[in-house]
Amino acid sequence: ADDELRTLLRPVVHDDSIIEDFILKERNLPVAHSEKELYFEFPIIRDKVAFDHEYISFLCMPHLLITIHDHEIEVLNKLSQDLCKHLHLQRATVASLLFNLMAGLVEKNHFLYMDQREKITKLSNRVIKGQNSIDVKAILHLKKNIGRINIMIEDQLYCINTIQIYEGVAFDIGKQRRNFSNLEDEVRNGFRFLSRYENRLEDIHKHYELMLQERTNNRLKVLTIVAAIFLPLNLVAGIYGMNFDNMPILHWDFAYHAVLAFMVAVALAMVYFFYRSGWFK
């Protein structure tokens, strides 16, 4: 694959170091440029399950734009088909084509935001309803995904900012500067969306922990009541379990029934006491 890429690029790329040190190597710097080439790697999240980053390489030259990527990108394929059929650029420039490609990729960010918002809303509703099937791993998984989207946005902003400040013959932004500026603002809005989502997740996490703590406290309260009720009963049973000859009512015919009745009365009295004190609420 590397040899094929060299064969394709060398006739059009003036600086071989762009090919050897950046295009054919693992990602090290997102932006590189020479006298007549501007190269940058624009990140996207292709898989909404694994949330792995994929980088689309753009190679800009005065009258040529080359995209390099490992997999088919739906946005790029659709735009190329539209350009061949009915869509026309406002200006026949590399900057105009690059803007349309990047705008299509940035538009995909909104689907990521909406997907995360929907998942957070469903999770929030389940927590509010007090469902026990919620796993704290789901909350942590959403936090991790939002963190990966934030990283992607940071790299996207870096690329867009580099395009706007670049001065050289490889790329002339021309009258597309305002469009790229608007694109930068659109990407920055993603930080506000994700910040709100992170705050909601944090609230959900705290609410979930409080719910678990309350459930645990209720269980401990029940155990405390049971232990408190059986404490005097164990005392009576312990006293009459002593091996002494001279004990009150020991040789009385109804002693066994009297002690049991006394123990039941104590238990009922303590249950009534705890009930009046609000322990069962």
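Is Glu184 buried or exposed? Glu184 is buried, with a relative accessible area of 11%. The views below come from a predicted model.

**View 1. Glu184 and Arg188 form a salt bridge within helix α6.** The closest N and O atoms of Glu184 and Arg188 are 2.9 Å apart. The two residues are 4 residues apart in helix α6, so about one helical turn separates them. Their accessibilities fall in two classes. Glu184, at 11%, is under the 20% cut-off and therefore counts as buried. Arg188 has a relative accessible area of 39% and is partly exposed. This pair belongs to a structure that holds 4 salt bridges.

**View 2. Lys143 and Glu202 form a salt bridge, with their closest N and O atoms 3.1 Å apart.** This pair links distant parts of the chain. Lys143 lies in helix α5, which covers residues 136–165. Glu202 lies in helix α6. The partners are 59 residues apart. Lys143 is partly exposed, at 26% relative accessibility. Glu202 is also partly exposed, at 33% relative accessibility.

**View 3. Lys119 and Asp115 form a salt bridge in helix α4.** Here the closest N and O atoms are 3.4 Å apart. Both residues lie in helix α4, with a spacing of 4 residues, about one turn of the helix. Lys119 is partly exposed, at 33% relative accessibility. Asp115 has a relative accessible area of 16%. That value is under 20%, so Asp115 is buried.

**View 4. Helices α3 and α4 cross at roughly 140°.** Two packed helices are described by the angle between their axes and the distance between the axes. Helix α3 spans residues 74–85, and helix α4 spans residues 94–128. Their axes come within 9 Å. What is the orientation of α3 and α4 to each other? The helices are oblique. An angle must be over 145 degrees to count as roughly antiparallel, so the crossing at roughly 140° does not qualify. The crossing of α3 and α4 is right-handed.

**View 5. Helices α1 and α2 cross at roughly 155°.** Helix α1 is made of residues 2–9, and helix α2 is made of residues 16–23. The two axes come within 11 Å. With an angle over 145 degrees, α1 and α2 are therefore roughly antiparallel to each other. Their crossing is right-handed.

**View 6. Leu59 is a buried residue of strand β3.** The strand covers residues 53–61. Leu59 has a relative accessible area of 0%. How far apart are the C-alpha atoms of Leu59 and Ile19? They are separated by 10.0 Å. Along the chain, Leu59 and Ile19 are 40 residues apart.

**View 7. A nonpolar surface patch covers about 890 Å².** Which residues make the patch? They are Leu235, Ile239, Tyr240, Met242, Phe244, Ile249, Leu250, Trp252 and Phe254. Ile239 is found in helix α6, which runs over residues 177–239. Ile239 has a relative accessible area of 36% and is partly exposed. Patch residues need over 30% relative accessible area, so Ile239 meets that cut-off.

Key
Residues are numbered from 1 along each chain as its sequence is written. This is a predicted model: local features need pLDDT of at least 70, side-chain atom pairs count only at pLDDT 80 or more; totals for chains, interfaces and linings use all residues. Side-chain values use heavy atoms; hydrogens and water are left out. Patches are made of residues with over 30% relative accessible area and no salt bridge: like charges are joined within 9 Å, nonpolar side chains (Val, Leu, Ile, Met, Phe, Trp, Tyr) within 5 Å. Accessible areas come from the Shrake-Rupley method with a 1.4 Å probe; for residues, only the protein chains shown count as cover. A salt bridge is a side-chain nitrogen of Lys or Arg within 4 Å of a carboxyl oxygen of Asp or Glu. Buried means under 20% relative accessible area, exposed over 50%, partly exposed in between (1.4 Å probe, protein chains only). Axes are lines fitted to C-alpha atoms, for helices over the stretch in contact, and angles run from 0 to 180 degrees between N-to-C directions. Angles under 35 degrees count as roughly parallel, over 145 as roughly antiparallel, 65 to 115 as roughly perpendicular and the rest as oblique. A crossing is left-handed if the near helix is turned anticlockwise from the far one by less than a right angle, and right-handed if clockwise.
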